[in-house]
Amino acid sequence: MSIPQSIFKAYDIRGIVKQDLSPENVKLIGLAIGSESIAKDERGVVVGRDGRLSGVDLMQALKAGLQESGCHVVDIGMVPTPLVYFATHTKASTSGVMITGSHNPPEYNGFKIMIAGETLSGERIQALYRRIQMSDFSSGHGTSTKVDIEQDYIERITRDVKLDKPLHIVVDAGNGIAGNIAPKLFEQLGVKVTKLFCLIDGNFPNHHPDPSKLHNLEGLIKEVKNTGADMGFAFDGDGDRLGLIDNKGNVIWADRQMILYSRDILKRNQGAKIIFDVKCSSLLPKDIAQHGGEAIISRTGHSFIKSKLKETGAALGGEMSGHIFFKERWYGFDDALYTGSRLLEILSKTDKTCAQIFDDLPNSINTPEINIHFEKQGQQFDAMDKLAKNIDFPNAKIITIDGVRVDYDNGWGLVRPSNTTPCLVLRFEADDEKTLNEIQEKFKLWLRDNNISIQDF
């Protein structure tokens, strides 16, 4: 088989269209997913796709493989990833595949996969590759039906979320798939929406749909200030990550949003468990504990957080990149549209502005993500292995569940390998600039001692 193993990533399958993802390869992926689903006694598979130009052809090839395995396909069309997850919770089929390249460049595409209610990651994704290598497929004559789920989804949210006053927001979809549904949803909640780049275009002509990068938020910041909006929402390419701009144009990263969501949930659910990833601020677990919750640290990755939510029964999960998972009142999957709705609900119950609300929350000095790039995929893991064998940070608490996180009383630093691109990801936080610089210098020395170039640092 000519299918490259390198496209079977930690929490999805992702590669370059035509080169890695030929129609033949995608059909094989469909056969493997269908066979795996049937092995788990689930013959129904929901499929959806984002707005990428290659999505139509990949959908056709994937469905052919799924049907050949004997699965019945529920085709929900061009939708954000959360709607595929929503369908697996509300429409008979508990398996689902979302065709999306997420925040990768336009020539990429890929597959996020759920089988019998479980989002695949790690070993379960490698098992699909082995099925293909061994041609270990079931066979049958599956069917395909088309279902429009958008209105069901909007109605379910508008039944759950109630706003106490009207608000005005700017929505920047970055020409990604959320542009179709986000404005409709928020308008039905009673919000005034100013649209920015909401026309779906797989070339992403205005900016890349990745709200974790500051330069992608410049247009939204400007529009929020110009219109006097209460806040701005930025979505990634497939609508499962939310970026937030307050009314003054400040970026509110997801770990600070999580403090607000946690406090809201803990008012109703004392003692609730709340999960956060290793990139989040140390202020978050402290605040969760102070408000009567139990904070649980997790590896980064939507599959890992979802798995941890199931394992612990947590009410909420979140990661720095903008994936937020509400289990209280929702289903426990990452959903930027629902997260935005819950944020609007919280803000509608106060007379304070968005900026005032976040000004009142604990804050620290921190860096955005810093990336150290490598030429080839896989080199980041070799570099991380080398670093992990030579940890030397006296008087610090070391956490190694995902890379190396070094915690001091007044700050911390993290280095971890990206699971999607060939780079190491670093982040730092401290009580003051001096401490921040000191921790960064210690990391630079450590990287240099292990022959890792820090020119991007």
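**A first look at the fold and its largest pocket**

1. Among contacts in the protein that link residues at least 6 apart in sequence, 69% bring together residues at least 24 apart. Please keep in mind as you read that this is a predicted model.

2. Turning to overall dimensions, the protein has 457 residues and a radius of gyration of 22 Å, which agrees with the value near 23 Å for a compact globule of that length. Along the principal axes, its C-alpha atoms fill a box of roughly 65 × 55 × 45 Å.

3. The secondary structure comes to 14 helices and 22 strands, so you may find it handy to colour the view by these elements.

4. How much of the protein counts as buried? The share is 62% of the 457 residues. As for the surface, the protein exposes about 17800 Å², and carbon and sulfur atoms supply 47% of that area.

5. Now to the largest pocket, which has a volume of about 880 Å³. Its lining is made up of 44 residues, and those nearest the centre are Arg-14, His-103, Ser-418, Thr-420 and Thr-421. These five are a good place to start if you want to find the pocket on screen.

6. Which strands each supply at least two residues of that lining? They are S1 (13-16), S5 (108-115), S18 (370-373) and S22 (423-430). S1 gives the most, with three residues.

7. Sorted by class, the lining of the largest pocket holds 22 polar, 14 charged and eight nonpolar residues.

Methods
Residues numbered from 1 in each chain as written. Predicted model: local features only at pLDDT ≥ 70, side-chain atom pairs only at ≥ 80, totals over all residues. Heavy atoms only, no water. 1 Å grid on protein atoms, 1.4 Å probe; cavity = no way out; pocket = protein on both sides within 12 Å on 5 of 7 lines; lining within 4 Å. Points joined across faces, edges and corners; volume = space filled by probe spheres on them. Helix = DSSP H or I, 4+ residues; strand = E, 2+ residues; numbered from the N terminus. Nonpolar A, V, L, I, M, F, W, Y, C, P; charged D, E, K, R; others polar. Rg over C-alpha atoms; globule rule 2.2 N^0.38 Å. Buried < 20%, exposed > 50% of the residue type's maximum accessible area, 1.4 Å probe, protein only. Contact = heavy atoms within 4.5 Å. Areas by Shrake-Rupley, 256 points an atom, 1.4 Å probe, with all protein chains shown as cover.
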